[in-house]
Amino acid sequence: MNAKRAQLLTDRLHQVTDRMTEACRTCGRAPEDVRLVAVSKFHPAEDIAVLAGAGQRHFGESYVQEALAKQTQLVDQDILWHFIGGLQTKKARQIAGRFALVHSVDSEKLATELARRSADAGVLQPVLIEVNMGEEQKAGVDPEELGALGEALLELREDGVGLDMRGLMCLPPVFDSPEQARPFFAKLRELRDDLSGRLGLPLPELSMGMTGDYVAAIEEGATIIRVGSALFGPRPSRG
């Protein structure tokens with residue numbers, strides 16, 4: 001690893017965490033209540049190792065094979081892996097028990113298969129429900145169907161195995177100004193609170209906010225932000 005690159009990555013991590021801390025203080029939240037997931041897809045294991053060495057624990061990947069390869073390369077690092085990309089049902093077997101949190105459950109079919117594979121592996125897999133915020137081309141359950149999916153997930157946990165529903169995730173439209181994304185973050189928080197009340201279940205996690213808008217997301221209640229380019233720089237082409 002080039003020493004200049006390593007220093008740049010470390011400096012960027014400090015810049016992001018400093019902004020997170022300031023955002024939390026501005027809105028009266030404790031900094032430890034918000035976790036940073038470094039979105040490392042397409043970036044080399046060497047970059048991840050540098051940030052892990054600087055204290056970053058949570059890393060997000062979107063492609064199963066790439067994620068599993070990096071887990072093997074970095075098995076000695078103190079890393080908690082998050083799966084943040086779209087997930088095909090046929091990949092559920094490879095996911096179960098390999099990630100601290102799966103952010104992208106968006107159908108009963110996927111949830112049922114992931115729960116089955118988790119039970120086969122003897123694990124309770126933490127998951128979030130991904131909510132579609134109005135863009136047809138994006139994944140996620142429609143808000144009108146969220147309650148039914150949440151109720152279905154409740155049935156997929158038994159005797160310490162299956163799925164552990166932890167909250168919601170969203171990918172709002174991309175805007176020039178982070179303020180334009182704020183209503184979508186507020187809406188996800190409202191949906192989470194309504195679902196929690198409907199199910200009688202604490203749903204502590206809200207995964208929302210990326211490089212361009214994570215401050216607004218924190219101010220609207222995010223507990224997890226997913227930041228890539230502010231840490232790693234421009235994303236390389238998938239090769």
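Colleague: Which residue is the bridge partner of Gly 167 in strand 8?

Modeller: Glu 205 in strand 8 is that partner. This is a predicted model, in which local features need pLDDT of at least 70, side-chain atom pairs count only at pLDDT 80 or more, and totals for chains, interfaces and linings use all residues. Residues are numbered from 1 along each chain as its sequence is written, and side-chain values use heavy atoms, without hydrogens and water.

Colleague: What makes strand 7 and strand 8 (residues 205–207) a pair?

Modeller: Two strands pair if DSSP finds at least two bridges between them. Three bridges join strand 7 to strand 8, and the two run parallel; therefore they satisfy the definition. Strands here are DSSP runs of E with at least two residues, and helices are runs of H or I with at least four, numbered from the N terminus.

Colleague: Why is strand 7 (residues 161–170) described as largely enclosed?

Modeller: Eight of its ten residues are buried, so the rest of the structure largely encloses strand 7. Buried means under 20% relative accessible area, exposed means over 50%, and partly exposed lies in between (1.4 Å probe, protein chains only).

Colleague: Why does Phe 184 count as partly exposed?

Modeller: Its relative accessibility is 21%, and partly exposed lies between the limits of 20% and 50%.

Colleague: Why is the pair of Phe 175 and Phe 184 called tilted?

Modeller: Rings of Phe, Tyr and Trp (its six-membered ring) pair if their centres lie within 6.5 Å; planes under 30 degrees apart count as stacked, over 60 as edge-to-face and the rest as tilted. The centres of these two rings are 5.7 Å apart and their planes stand at 35°, so the pair is tilted.
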